[in-house]
Amino acid sequence: MRRRTCLLLAGALLAAPAGCGLTSGSPMVDDVEPGSIGRGKPLEGAELTVTSKEFTEQLILGAIMGIAFQAAGAEVVDRTGIQGSVGSREAVVGGEADAGFEYTGTAWITYQGNSRPIPDPREQWEAVRDADAGNGVTWLEPSELNNTYALAMNQANYEKYRTRTLSEVAELAKSDPGAVTLCVEGEFANRADGLPGMEKAYGMNIPARDVTQMDTGIIYTQTAEGACTYGEVFTTDGRIKSMNLVVMEDDRKFFPNYNAAPTVNSDTFEKWPAIAEVLAPVTAKLDNTVAQDLNARVDVDGEDPHAVALDWMVEEGFVEEG
């Protein structure tokens, strides 16, 4: 059993309104030493605060970052689990946190105010990197992990309809309108980068009676049970694998790219540029398969996000336990 002594906030962490600061944090005290990263302790003497949003994947990514920093010699404060995207973002912008993993699509659309995503993931990352250069935020190299929207169906419906792309879903909606029923979140049902935009991009016209709005967690179970033919999912969610769902390919590249990448307060990065070399191998290993597996250990198996992150870092050889 892996040793872990990190102090977690377990819901006690709160973020004040944007720009007003973080209200709490705990030392991250994992007994780790350099493995393939952190050799020579290039962050010795650094005091770094790591932040994240409150959902499972972000908690895991925040822990991964903090563990990497510790192995490289830094003292780390854990301020992960901030509610909403803006709080964690503003913490990095304002210097109340030093670093956190962010998503390119969120930055481009939510923070930087653009309405049209850039289809190429590399170009999307370069665009947010360049736009944030003047905001005091440095973007490091992105991962292949792309936590974007998708539609998925259970195995029985897949055997029946055999759709693998959203273009094929659109064709099914025309040839057999009653076959295409959707379970979606309320936000997805109304966002320009959600259902309305998807229908426009693919030439769909799904009647309101065939669209049921519900909470995220219920969507997965209802889709798995076949209550709706297609459910809105996030591509890195562990429940996709555990429930054996089939994800439709976004063959027209409508949905924005939400590739995860480390973001660092620019003043911090200027002082500690070794952050880039410490995180680069870890980020390069992250993809949707890794994310689904790690997320499932939390959301399906009930494990602790930090413990899952530490296990993965040790198993990959990035760090060694002391």
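**Entry 1: two backbone angles**

I started with K253, which is found in the loop between β11 (246-247) and β12 (260-265). The model I am reading is predicted. I looked up phi for K253 and found a value near 55 degrees, which is positive in a residue other than glycine. Most residues other than glycine have a negative phi. I then checked the cover. K253 has a relative accessible area of 55%, so I noted it as exposed.

I turned to R162 next. Its phi is also positive, near 55 degrees, and R162 is not a glycine. R162 sits in the loop between α5 (155-161) and α6 (166-175). Is R162 buried or exposed? Neither word fits, because its relative accessible area of 45% makes R162 partly exposed.

**Entry 2: the helix after R162**

I followed the chain into α6. I listed its buried residues as L166, S167, V169, A170, L172 and A173. What do these buried residues of α6 pack against? I found β7 (149-153), and also α5, α8 (195-202) and β10 (230-234).

**Entry 3: the whole chain**

I stepped back to the overall picture. I counted 14 helices and 13 strands in the protein chain. The C-alpha trace spans about 65 × 45 × 35 Å along its principal axes. I compared the radius of gyration with the globule rule. For 322 residues a compact globule would have a value near 20 Å, and the chain has 20 Å, so the two agree.

How much of the chain is buried? I noted 54% of the 322 residues. I also looked at contacts between residues with a separation of 6 or more. Of these contacts, 78% join residues 24 or more positions apart. For the surface, I wrote down about 13800 Å² exposed, with carbon and sulfur atoms supplying 47% of it.

**Entry 4: the largest pocket**

I searched for open space next. The largest pocket has a volume of about 700 Å³. Its lining holds 25 residues, and F55, S85, Y103, N147 and F234 lie nearest the centre. Which elements supply at least two residues of this lining? I found α1 (56-71), along with α3 (104-111) and α13. The most comes from α3, with four residues. I sorted the lining by class and got six nonpolar, 10 polar and nine charged residues.

**Entry 5: S85**

I picked S85 from the residues nearest the pocket centre. S85 lies in helix α2. Its relative accessibility is 24%, so S85 counts as partly exposed. What does S85 touch, leaving aside neighbours within four places in sequence? I found contacts with K53, T106 and Y111. I also looked up the distance to S52. The two residues are 33 apart in sequence, and their C-alpha atoms are 8.4 Å apart in space.

**Entry 6: T148**

I moved on to T148, in the loop between β6 (137-139) and β7. Is T148 buried or exposed? T148 has 8% relative accessibility, so I noted it as buried. Setting aside neighbours within four places in sequence, its contacts are V233, F234, T235, F255, P256 and Y258. I had already met F234 among the residues nearest the centre of the largest pocket.

**Entry 7: closed cavities**

Rolling a probe the size of a water molecule over the atoms shows where empty space is left. How many cavities of 30 Å³ or more are there? I counted three.

The largest cavity has a volume of about 90 Å³. Its lining is T51, S52, K53, Q58, S88, R89, V92, G100, F101, E102, V137 and T263. At least two lining residues each come from β3 (47-53), α2 (85-94) and β5 (99-103). By class I noted three nonpolar, six polar and three charged residues. S52, whose distance to S85 I had looked up, is one of the lining residues. So is K53, a contact of S85.

The second largest cavity holds about 50 Å³ of space. I found E57, I60, L61, L145, L286, A291, L294 and N295 in its lining. Two elements, α1 and α13 (288-299), give two or more residues to this lining. By class, the residues divide into six nonpolar, one polar and one charged. I noted that α1 and α13 also each supply at least two residues to the lining of the largest pocket.

Key
Residues numbered from 1 in each chain as written. Predicted model: local features only at pLDDT ≥ 70, side-chain atom pairs only at ≥ 80, totals over all residues. Heavy atoms only, no water. 1 Å grid on protein atoms, 1.4 Å probe; cavity = no way out; pocket = protein on both sides within 12 Å on 5 of 7 lines; lining within 4 Å. Points joined across faces, edges and corners; volume = space filled by probe spheres on them. Nonpolar A, V, L, I, M, F, W, Y, C, P; charged D, E, K, R; others polar. Rg over C-alpha atoms; globule rule 2.2 N^0.38 Å. Buried < 20%, exposed > 50% of the residue type's maximum accessible area, 1.4 Å probe, protein only. Contact = heavy atoms within 4.5 Å. Areas by Shrake-Rupley, 256 points an atom, 1.4 Å probe, with all protein chains shown as cover.
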